[in-house]
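Subject: Structure handover and findings

Hello,

Here is the structure for you to look at. Please open it beside this email and follow along.

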Amino acid sequence: MALAGLFLIVFLLVHLTINLFILPICENHDEIFSAIAHFMGTNSIVKTFEIVLMAGFLIHIIYGIILQIQNWIARGKGYKIANKTKTSFMSKYIIYSGLLILFFLILHFFDLYFIKLGLVEAPAAANIPHPHEEHFYDIVVYLFSNNLLYSIIYIIAFIVLGIHLNHTFQSAFQTLGLNHSKYTPFIKAVGTIYSIVIAIGFSIVPLYFIFN
Amino acid sequence: MKIKLKIWRQKNAKAKGKFVNYTLDDVSPEMSFLEMLDALNSKLILQDDEPVAFEHDCREGICGCCGLYINGRPHGPGEKTTTCELHMRSFKDGQTIVIEPWRAKAFPVIKDLIADRNAFDKIIIAGGFVSVNAGSAPEANSILIKKKNADEAFDSAACIGCGACVAACKNASAMLFISAKISQLTLLNQGKVEAMERVQAMVAKMDELGFGNCTNTYACEAECPKGIKVTNIARMNREFIAAKVS
Ligand code: FES
């Protein structure tokens with residue numbers, strides 16, 4: 001759980017870096033973005049890594065659900081008034097934030113990732129020629145500039161993801177036995193900064209298209 | 001002060017059980033929580049009713065018997081206190097107090113507010129001891145122990161095994177308890193020898209008995225009447241991983 005989580009944490013940073021090329025951060029950002037998409041779609045090392053990544057997702061999700069079910073069973077009959085203990089808010093509801101992110105992930109797969117893989121057709125209205133990964137930039141632009149609701153769902157998902165990460169970042173270290181009076185406050189701070197960077201960083205793209 | 005009580009009543013382990021309401025009119029704020037329950041029971045006995053069964057022994061916070069889940073918190077309001085150390089001044093006049101037994105599959109309720117915490121003993125029997133020859137007193141004095149380790153071992157040994165960690169945890173996980181027992185042994189030279197076997201045996205027993213998994217909510221640390229720290233859980237995880245890969 002923790003290892004797969006840490007792996008996904010690293011992956012998110014890579015994903016975020018690539019995403020930022022959607023924005024006009026340099027002159028030929030759209031070409032760079034499409035080139036990366038093309039590289040990602042064709043390079044065999046990346047393709048192999050994709051399988052590892054999917055395994056990471058699956059382990060994290062399936063294991064998380066199994067743990068949660070075991071934990072519900074472990075309680076047995078519940079309390080009438082339960083959990084009034086003061087703890088960090090999100091840590092109590094981590095499974096729900098996880099499930100929300102899972103729904104978002106499925107949506108995200110269908111409207112971007114599977115299109116890149118060629119499993120799903122790009123929306124006809126977007127008029128994207130084949131192969132899609134060459135024109136991935138246009139698909140992203142089409143997606144975010146035509147449907148406000150869509151952008152809002154993405155932004156909400158990133159906020160939930162940020163909250164999820166804020167608890168789980170330090171949690172992964174604790175699970176791996178890395179809790180130390182000297183370093184843990186630092187790890188917690190890094191976790192919070194990381195979560196904010198992820199939530200804001202990913203949201204910038206849909207926000208940019210809302211306001212342009 | 002006047003107190004309204006909503007108490008879990010259950011005849012025996014098999015019975016279904018339900019909440020029953022009681023009212024006490026003349027509760028003094030100086031009374032301890034258990035004295036308040038004593039007062040209720042005296043009243044019930046005079047009325048020819050069955051008194052409420054609850055566990056208690058030392059009534060001074062050292063035996064770990066008296067755990068009750070009060071208004072959504074193990075050992076009720078207040079920091080680092082057991083139920084027997086709780087006083088009625090912590091409640092308001094006219095307040096309703098909901099009293100439940102510990103809830104965990106591994107701690108079955110046997111009567112009213114008494115949960116069977118035998119599972120803890122089973123975990124200790126699985127590995128919570130030192131079986132190497134630890135020597136006699138003079139030999140023990142010749143074994144040098146870092147002050148920091150001695151302090152930490154002592155802090156972990158303060159665990160009274162009340163089960164509040166399991167009761168507080170949303171996953172009914174016993175990891176704070178087990179990690180405290182592991183720490184008090186593993187931090188000292190005599191206990192270190194069997195550290196790898198111990199952690200595996202105790203964790204296996206914990207899983208077998210149906211306790212939940214730790215998801216690092218840290219409710220256990222917040223509710224522990226003895227202030228046992230979750231750094232112990234990290235130490236246990238560390239030892240567990242080391243034992244598994246070595
Ligand atoms: S009765 Fe012994 S700790 Fe409360």
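How many residues of chain A are in contact with how many residues of chain B? The count is 29 residues of chain A against 40 residues of chain B. Keep in mind that this is a predicted model.

**The interface**

Start with the area. The size of an interface is often given as the accessible area lost when the parts come together. Here chain A and chain B bury about 2800 Å² between them. Carbon and sulfur atoms account for 50% of that area. Three residues stand out on the chain A side: R75(A), Y79(A) and Q174(A). They supply 22% of the area that chain A buries against chain B, more than any other three residues.

Next, the polar side of the interface. Between chain A and chain B there are 23 residue pairs in polar contact, with both residues at pLDDT 80 or more. Which elements of chain A give two or more residues to the side that touches chain B? They are α3 (44-75), α4 (89-92) and α7 (148-175). Of these, α3(A) gives the most, with seven residues. By residue type, the side of chain A that touches chain B has seven nonpolar, 16 polar and six charged residues. Now the salt bridges between the chains. The rule finds zero of them across the interface of chain A and chain B.

**Salt bridges in the whole structure**

How many salt bridges does a search of the whole structure find? It finds 12 over all chains. Here are some to locate in chain B.

Take K111(B) and E50(B) to begin. Their side chains meet in a salt bridge, 2.7 Å from N to O. The two residues sit in distant parts of the chain, 61 residues apart. K111(B) is in strand β6 (residues 109-111) of chain B. E50(B) is in the loop between α1 (33-46) and β3 (69-70) of chain B. K111(B) is partly exposed, at 25% relative accessible area. E50(B) is partly exposed too, at 46%.

Now find E152(B). This residue forms a salt bridge with K148(B), at 3.3 Å from N to O. Why are K148(B) and E152(B) separated by about one helical turn? Because they are four residues apart in helix α4 (residues 147-157) of chain B. K148(B) is exposed, with a relative accessible area of 55%. E152(B) counts as partly exposed, at 26%.

E152(B) also forms a salt bridge with R235(B). The closest N and O atoms of that pair are 2.5 Å apart. E152(B) lies in helix α4 of chain B and R235(B) in helix α10 (residues 231-245) of chain B, so the pair ties together parts that are 83 residues apart in sequence. Is R235(B) buried or exposed? R235(B) is buried, with a relative accessible area of 11%.

There is a network to trace as well. R73(B), E79(B) and E223(B) are linked by salt bridges.

**Cysteines**

A disulfide is a covalent bond between the sulfur atoms of two cysteines. How many disulfides does the rule count over all chains? The count comes to zero. C169(B) makes a good check, since a disulfide needs sulfur atoms within 2.5 Å. The nearest cysteine sulfur to C169(B) is that of C214(B), and it is 6.7 Å away. So C169(B) is in no disulfide, as that distance is over the 2.5 Å cut-off. C169(B) counts as buried, at 13% relative accessibility. C66(B) counts as buried too, at 5%.

**Two residues to compare**

Look first at S195(A), in helix α8 (residues 184-211) of chain A. S195(A) is buried, with a relative accessible area of 4%. Residues up to four places away in sequence are left out of the next list. S195(A) touches G162(A), L165(A) and N166(A).

Then turn to K16(B). This residue lies in the loop between β1 (3-9) and β2 (18-24) of chain B. K16(B) is exposed, with a relative accessible area of 76%. Leaving aside neighbours within four places in sequence, K16(B) is in contact with W8(B) and Q10(B).

Best wishes

Key: Residues are numbered from 1 along each chain as its sequence is written. Chains are lettered from A and ligands numbered from 1 in the order in which they are written. This is a predicted model: local features need pLDDT of at least 70, side-chain atom pairs count only at pLDDT 80 or more; totals for chains, interfaces and linings use all residues. Side-chain values use heavy atoms; hydrogens and water are left out. Contact means heavy atoms within 4.5 Å. Buried area is the accessible area (1.4 Å probe) that two parts lose on being put together, summed over both. A salt bridge is a side-chain nitrogen of Lys or Arg within 4 Å of a carboxyl oxygen of Asp or Glu. A polar contact is a pair of N or O atoms within 3.5 Å; within protein, one must be able to donate a hydrogen and the other to accept it, and residues adjacent in sequence count only if both atoms are side-chain atoms. Ala, Val, Leu, Ile, Met, Phe, Trp, Tyr, Cys and Pro count as nonpolar, Asp, Glu, Lys and Arg as charged, and the others, Gly among them, as polar. Buried means under 20% relative accessible area, exposed over 50%, partly exposed in between (1.4 Å probe, protein chains only).
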